[in-house]
Amino acid sequence: MTITAALAAVPALAQSPNPHPTTVVGVVRTGTSDSAIGKYSFATRGPVADKVFAACKMDDLCDLTGRVSGETLVGVARITRVQDFAGPKDPLQWVYSRFKGGEGDFWLENDDLGRLFTPKLTDLLLRSRRASEILQSESVGASPWIGAQEWDIRGVKIEVDDVGPGRALGIVTFRNFVEEKPKPRSTTFDLVRTPEGWRIDDVQFPRESASARFKSLRMSEMLKVEIAEGDKELRDKNAKAAASGSLCGLGEGEVFTCSAGAKQYSICTSGQKFEKPHSWIEYRSGTPAKLDLAHRSVKPGTGGSFYGSATLLAKGELSYVRFSREGYDYVAFEDESTRPQRSGVVVRKGDRKIAEIVCTGGKSGTMPTAAGELPSNLVVSVPFDDDLLR
């Protein structure tokens, strides 16, 4: 491990406004200094805010075309408030109005799904999105509208039939001219009237969407399959992580891990990729079934923050990450200068070493060399202190 490089700040990626107009659909949320529509934020006061708030207010679902830089809205060309879905055809007309020939797309952020779907289907969609991240695949609920990765749709026809009090069946038919011999394709939507307006309760895909993976063509049943697959994959990966001696879970970064007897000691982070700034770092000790101690920091330079340092010795590097909690200092260290290499955790109170846990199952090279794996925005680099390990 070369923690010196790991503690160096990762340069921010330069971002410039997207020169092409971006369409944004989302709920407007306002704050004292920053506001947002969907996932895109903007200053609460300024020219962008003036255009947004001229058309929409807090909690309005809005449709916007503008310029973005990263996840910041920097310009507004057009914005309209999406009217409440007073009739069963309204949500379908709104969604499919965004697809013109081979252009258009449609996506709602997690917090906004309830504006189009019933609570039951919203819950399944949220759980399937989490499962898709675990499975590293796209969910059938990501885009149920076209049923193709490429399209040139024409002749969109939307028909709605009442099927009972507060319930309707919507059938959307179109042809996709990307296909060699385009045939009419029909997707059926279960629609339900709620106190907030009409919502989509389920989707029935056409027969040509059938696959061996799913026994049903109903989206709700497909989502349940994806959720079950994701749960199994998570259990399997966590079991493998536990077997390897790590207390870090799926998708988390691992700064340090070792084991002594039946117990394990790990320092984990919220993620591994430097493109996504880490939101927390956490020390854990115990077993996968029961933790003895978990200490998390979300802001550097405050009480309980994590500090890291390293020194180069004749035969390798000695490095550590430490934090303080309830009057005790915890120092997780890795010594590459010894043969075999040593790792463990030292516990101190004031000037006294009160415990040293020497790991017998240390993972060589656990502390990462990649700066992105160690959250430099949460670990403060400090001069090496020999006394901490004595």
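Which residue is the bridge partner of L191 in β9? In this predicted model, the answer is I200. That pair is a handy way into the sheet around it, so let's start there.

β8 and β9 run antiparallel and are joined by seven bridges. They belong to an open sheet of four strands, ordered β6-β7-β8-β9, with antiparallel pairing. At the edges sit β6 and β9, the latter covering 197-204, and each of these two pairs on one side only. Going from neighbour to neighbour in this sheet, the strands are turned by 25 degrees against each other on average, if you ignore direction. As a reminder, strands of a sheet pair through backbone hydrogen bonds, and they can do that either parallel or antiparallel.

Walk back through the sheet from β8. Strand β8, residues 185-194, is antiparallel to β7, and eight bridges join the two. If you want a spot to click on, V172 stands opposite T187 in β8. One step further, β7 (residues 167-176) meets β6 (residues 153-164), again antiparallel, through nine bridges. Here V160 has G170 in β7 as its bridge partner. β6 and β7 make a hairpin with two residues between them, and in that turn G166 has a positive phi of about 70 degrees.

Now for another sheet. It is also open, with four strands in the order β10-β11-β12-β13 and antiparallel pairing. Its edge strands, each pairing on one side only, are β10 (253-260) and β13 (291-297). The twist from one strand to the next averages 10 degrees. At the β10 end, seven bridges link β10 to β11 (residues 263-269) in the antiparallel sense. G253 is the residue to look for there, as it stands opposite T269 in β11.

Let's turn to a helix. Which residues of α2 are buried? In this helix, residues 47-55, they are V48, A49 and V52. Look down the axis of α2 and these buried residues fall within an arc of 90 degrees, so they line one face of the helix. The face turned away from that buried side carries exposed residues, namely P47, D50 and A54.

Follow the chain out of α2 and you come to the loop between α2 and β4 (61-69), where D59 lies. This residue is worth a stop in a backbone check: D59 has a positive phi of about 75 degrees although it is not a glycine. Its relative accessibility is 41%, which is why D59 counts as partly exposed. Q136 is a similar stop, in the loop between α4 (119-135) and β6. Phi of Q136 is near 55 degrees, a positive value in a residue other than glycine. With a relative accessible area of 72%, Q136 is exposed.

What about empty space? A search of the whole structure turns up one cavity of 30 Å³ or more. Its volume is about 70 Å³. The lining includes F106, W107, L108, F117, R129 and W145. By class, the lining residues divide into ten nonpolar, one polar and one charged.

There is open space to look at as well. The second largest pocket holds about 520 Å³. It is lined by 21 residues, and the closest to its centre are E138, S139, V140, S143 and G147. The lining of this pocket has ten nonpolar, six polar and five charged residues.

We finish further along the chain, with the loop between β16 (328-335) and β17 (342-349), where P340 lies. Is the peptide bond from R339 to P340 cis or trans? It is cis, with omega near 0 degrees. Moving on to strand β17, you find R342. R342 counts as partly exposed, at 31% relative accessibility. How far apart are R342 and V358 in space? The C-alpha to C-alpha distance is 7.5 Å, while in sequence the two are 16 residues apart.

Technical notes:
Residues numbered from 1 in each chain as written. Predicted model: local features only at pLDDT ≥ 70, side-chain atom pairs only at ≥ 80, totals over all residues. Heavy atoms only, no water. Pairing = 2+ DSSP bridges. Axes fitted to C-alpha atoms, helices over the stretch in contact; angles between N-to-C directions. 1 Å grid on protein atoms, 1.4 Å probe; cavity = no way out; pocket = protein on both sides within 12 Å on 5 of 7 lines; lining within 4 Å. Points joined across faces, edges and corners; volume = space filled by probe spheres on them. Nonpolar A, V, L, I, M, F, W, Y, C, P; charged D, E, K, R; others polar. Buried < 20%, exposed > 50% of the residue type's maximum accessible area, 1.4 Å probe, protein only. Arc of directions from axis to C-beta.
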